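User: Please take a close look at one buried polar pair in this model and its surroundings. Keep it brisk.

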Amino acid sequence: MFQIGDSILTVSLPVELDHPNSQAISQQIDEILQEQYIRGIVFDFGNTTFMDSSGIGMIMGRYKALGMRQDSIRAIRVNRRIYKILNLSGIYKVMKICRQVEE
């Protein structure tokens, strides 16, 4: 679920990014941030089919934890449904949203 390479944390998100999952992921990421230097987080939405507002809150909280630096967070492998949610939330203003891994 979590991979670290070159000070970048990649988080493979679950099928449902609801309140319980968002809370657990937030805690795990926060523990990693306390233990290691992380300069960016990549959220991999490849398996995610559902996300509610707690998922947006989890992403924004990690953005703040990284010092709200530009380009510190991004989303990859975002499907159409999740893409709409991310855009409607306005999170695209602080996070690059990539439909494919290469972007």
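Analyst: A residue counts as buried when its relative accessible area is under 20%, and as exposed when that area is over 50%. The model is predicted.

Start with S26. This serine sits in helix α1, which spans residues 19-35. Its relative accessibility is 11%, so S26 counts as buried. Its partner is R62. That arginine lies in helix α2, residues 53-65. R62 has a relative accessible area of 10%, so R62 is buried too.

What joins the side chains of S26 and R62? A polar contact of 3.5 Å does. The pair therefore links a side chain of helix α1 to one of helix α2, with S26 at 11% and R62 at 10% relative accessibility.

Now the neighbours. Set aside residues within four places in sequence, and S26 is in contact with M58 and R62. R62, counted likewise, touches S26, I29, D30, I41 and F43. S26 thus appears in the list for R62, and R62 in the list for S26. By residue number, M58 falls within helix α2, residues 53-65. I29 and D30 fall within helix α1, residues 19-35.

Next, the setting. The protein chain has three helices and seven strands. From the N terminus, the order is β-β-β-α-β-β-α-β-α-β. The radius of gyration is 12 Å, close to the 13 Å that the globule rule gives for 103 residues, so the chain is as compact as a globular protein of that length. Its C-alpha atoms fill a box of roughly 35 × 30 × 20 Å along the principal axes.

Burial across the chain comes next. Of the 103 residues, 39% count as buried; S26 and R62 are among them. Contacts across the sequence also stand out. Among contacts with a separation of 6 or more, 66% are between residues 24 or more positions apart.

Then the surface and the charges. The protein chain exposes about 6000 Å², and carbon and sulfur atoms supply 46% of that area. There are 12 positive and 11 negative charges, and their mean positions are 9 Å apart.

Last, the remaining helix. At the start of helix α3, residues 80-89, a side-chain oxygen of N79 comes to within 3.0 Å of the backbone nitrogen of R81. Just after α3, G90 adopts a positive phi of about 85 degrees.

To return to the pair: the side chains of S26 and R62 are joined by a polar contact, and S26 and R62 are buried.

Note on methods: Residues are numbered from 1 along each chain as its sequence is written. This is a predicted model: local features need pLDDT of at least 70, side-chain atom pairs count only at pLDDT 80 or more; totals for chains, interfaces and linings use all residues. Side-chain values use heavy atoms; hydrogens and water are left out. Helices (H or I, at least four residues) and strands (E, at least two) are DSSP runs, numbered from the N terminus. The radius of gyration is taken over C-alpha atoms; the globule rule is 2.2 Å times the number of residues to the power 0.38. Buried means under 20% relative accessible area, exposed over 50%, partly exposed in between (1.4 Å probe, protein chains only). Contact means heavy atoms within 4.5 Å. Accessible areas come from the Shrake-Rupley method with a 1.4 Å probe; for residues, only the protein chains shown count as cover. Lys and Arg count as positive and Asp and Glu as negative; His and the chain ends are not counted. The place of a charge is taken as NZ of Lys, CZ of Arg, CG of Asp or CD of Glu. A polar contact is a pair of N or O atoms within 3.5 Å; within protein, one must be able to donate a hydrogen and the other to accept it, and residues adjacent in sequence count only if both atoms are side-chain atoms.
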